[in-house]
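These are my notebook entries on one structure. I set down what I looked up, topic by topic.

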Amino acid sequence: MSLLRPLSKLPDINAASVLLVENEEHFQQKLADVMVNEKSVMVKVRLAKSLPLPAKNEQNRPRIDLVVFIINLMSDLSLQSAEASLKHLGQGYFLGKVCFMVTNARNAALPAERMVAVRKLASGLRCPLLYAEDQTPDGVTNAAERLLVILRVAAGCVPMTTALFLSNLTRCIVPTEEEEQQNLDFDA
Amino acid sequence: MDPHTSVARSPFSSVVQKRRSKSYRQSYRSYVGTMSHLGYTPGFTKRRLTTCRLAPKRCSTAEINPEQRALLVREWQLSYVTPLYRFQHGHLKTYSRQLAAFLVSERQKGVAAEVGLESTLKVTFTLVAGMAQTEEEADTVFIKIHSKTPLARPDDPQKVLWSGWLTCVGGDPDYLRTVPEDFVCLPLFCSGGTEGLTALVKAWFQRTFDCCFGRLEINSVNLQWLAALWTDCHARTSIKQLKLVWSVPAEPPMEVIYAMHAQDASELWRSVRKPGLREEEDDGSVGLEEVACFFKGLKSHFYRHFRVELSAGRLTQVSTALGSAKHGGRIKISNSSYMITTLTLLTECALLKMPI
């Protein structure tokens, strides 16, 4: 069974594990180095280029609490590979355990259509969309911190909050035409 | 960096509905509804989706006047211009004199004034008729800088040092109507000549008409649009070949030149365009999905033969017999029949890139 399922294994106490999926395999390493330094929770980071994950590691792999798709907006291939990987994720993950992280969003050469496509993807799946800056160490640290917030909730380390509840607050929303029109009328 | 203790504090993405104030001149970007690059849409945007259906690729009729022919001659560098304040098409002669005087004075700055054989500059502003698509659009203005030696006889051919033109072709009529009275909107500026002269001309325009210039790059999606529109024209005017240049970020960086026969490209395009669509049913509009599908076919064909994934790279140049366009903002239009379509697309790029 090649689908990745969220609840097929037992959790560890005060531990959280995250899977970073990125086609270019560039930003994930930097993020991982920062994230493992977290002290309040023991963070395990797994890196992958795409899904499905190889079957031979199935036994050693811990339960994955959060899957993060890192998309580089300057390359079309990145988005296509992320979309192809989504098919190998079990449905349980889409209740708040999937997150999209996007780099190079401020680049002037970026075609707007790609950004629209990514936002539609994230909002269609009810997932949060984070923007990250991968060139400076500060940017990497910021991105890691934001991911850790979501990760702690997804791993169950924050009392009174579940991943589904958090995703309702943080998910990406692309308003439809009617909603936009209503907003405009309200303004006028 | 304070640690996030409360989970509910950070909505990372876009529910932000800004109701505080509404600017009177909505930016073109907000009007058409493209996402700003920072990723969230301000509350009062999105009248329509991003241009997913670019207008017809109808060819214009073949009569062009000699002024339009001058636009076909060379490769132009593109910039966008914000609307010009109090630019009057009736005062072109005055403007030519003023610009000539400005250029001469800039040249002489810091240099001892010499009298005698130094060549002077002559500037001409001309109107290029027949380019504006609607009444709201301003006419195209063509600017030429000649060098003129005082000893030359009047009928000697004058050397053109620099030429450029300001135009607005097929701009969005709703947006053009919101431009205030005193302003003339000519968002696309094409320049050909030395960098120094281009900078001087821009400086004069900025000083006289209170406008801003900026670099206009053609991003990869617009290059794909151009490739598709030109291929579409192959049925009527042969494009000889479709050449695409990609830059792939391999080690060392690789440049891929992918050239194909016009006939093959045209067949692929026709198979993508709603297969089974006959000539009579064709309403002339081209959708973004068709362009994406066309390119997906091209890239997968390349991958099958060479195992190089072109999606990982960037499209930097498109050229056909109808013209060529480069990512850095250089464009050359070689054929007059489809000039209007190309310019419409470029005007739209300029309008979208303008900061106001």
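Entry 1, a strand in chain B. I began with strand β2 (residues 76-81) of chain B, where six of the six residues are buried, so the strand is largely enclosed by the rest of the structure. I note at once that the model is a predicted one. I then looked at the two faces of β2(B) and found both covered. W76(B), L78(B) and Y80(B) are buried on one side, and Q77(B), S79(B) and V81(B) are buried on the other.

Entry 2, strand partners. I asked with which strands β2(B) pairs in the antiparallel sense, and over how many bridges. Strand β15 (residues 330-333) of chain B pairs with β2(B) over two bridges, antiparallel. There, I331(B) of β15(B) is the residue opposite W76(B). Strand β8 (residues 188-193) of chain B also runs antiparallel to β2(B), and four bridges join them. In β8(B), C190(B) stands opposite L78(B). Strand β9 (residues 213-215) of chain B is a further antiparallel partner, with three bridges to β2(B). I recorded F213(B) in β9(B) as the bridge partner of V81(B).

Entry 3, aromatic rings in chain B. I followed F213(B) to its ring contacts and found an aromatic pair with F205(B). The ring centres are 6.2 Å apart and the planes make 65°, and the pair is edge-to-face. F205(B) has a relative accessible area of 0% and is buried. F213(B) is buried as well, with a relative accessible area of 14%. I then traced ring pairs outward: they link F87(B), Y95(B), F125(B), W162(B), F189(B), W204(B), F205(B), F209(B) and F213(B) into a cluster.

Entry 4, chain B as a whole. I counted nine helices and 15 strands in the secondary structure of chain B. Chain B has 356 residues, and 47% of them count as buried. Among its contacts between residues at least 6 apart in sequence, 70% join residues at least 24 apart.

Entry 5, two helices of chain B. Two packed helices are described by the angle between their axes and the distance between the axes. I looked up both values for helix α6 (residues 220-232) and helix α7 (residues 262-272) of chain B: the angle is about 100° and the axes are 9 Å apart. The helices α6(B) and α7(B) are therefore roughly perpendicular to each other. On the α6(B) side the contact is made by A228(B), T231(B) and D232(B), and on the α7(B) side by A265(B), S266(B) and W269(B). I sorted the residues of this contact into three nonpolar, two polar and one charged.

Entry 6, the sheet of chain A. I turned to chain A and asked in what order the strands of its open sheet lie. The five strands follow the order β2-β1-β3-β4-β5, with parallel pairing. At the edges are β2 (42-48) and β5 (129-132) of chain A, each paired on one side only. From one strand to the next the twist averages 25°. Helix α2 (residues 76-86) of chain A packs on this sheet and touches β1 (15-22), β3 (66-72) and β4 of chain A. The direction of α2(A) makes about 155° with that of β3(A). I also checked strand β4 (residues 98-103) of chain A, which is joined to the parallel β5(A) by four bridges. One bridge there sets T103(A) against A132(A) of β5(A).

Entry 7, a ring pair in that sheet. Over all chains I recorded 21 aromatic pairs. For F69(A) and F100(A) the ring centres are 5.7 Å apart and the planes are at 25°, so the pair is stacked. F69(A) belongs to strand β3 and F100(A) to strand β4 of chain A, so the pair ties together parts that are 31 residues apart in sequence. Both F69(A) and F100(A) are buried.

Entry 8, backbone exceptions. Most residues other than glycine have a negative phi, and most peptide bonds are trans. I listed a cis peptide bond between L51(A) and P52(A), with omega about 5°. P52(A) sits in the loop between β2 and β3 of chain A. The bond from E251(B) to P252(B) is cis too, with omega near -10°, and P252(B) is in the loop between β10 (241-248) and β11 (254-261) of chain B. R86(B) has a positive phi near 55° and lies in the loop between β3 (84-85) and α3 (92-108) of chain B. R307(B) has a positive phi of about 60° and lies in the loop between α8 (288-306) and β13 (314-320) of chain B. R307(B) is exposed, with a relative accessible area of 57%.

Definitions and conventions:
Residues are numbered from 1 along each chain as its sequence is written. Chains are lettered from A and ligands numbered from 1 in the order in which they are written. This is a predicted model: local features need pLDDT of at least 70, side-chain atom pairs count only at pLDDT 80 or more; totals for chains, interfaces and linings use all residues. Side-chain values use heavy atoms; hydrogens and water are left out. Two strands pair if DSSP finds at least two bridges between them. Axes are lines fitted to C-alpha atoms, for helices over the stretch in contact, and angles run from 0 to 180 degrees between N-to-C directions. Contact means heavy atoms within 4.5 Å. Angles under 35 degrees count as roughly parallel, over 145 as roughly antiparallel, 65 to 115 as roughly perpendicular and the rest as oblique. Ala, Val, Leu, Ile, Met, Phe, Trp, Tyr, Cys and Pro count as nonpolar, Asp, Glu, Lys and Arg as charged, and the others, Gly among them, as polar. Rings of Phe, Tyr and Trp (its six-membered ring) pair if their centres lie within 6.5 Å; planes under 30 degrees apart count as stacked, over 60 as edge-to-face and the rest as tilted. Buried means under 20% relative accessible area, exposed over 50%, partly exposed in between (1.4 Å probe, protein chains only).
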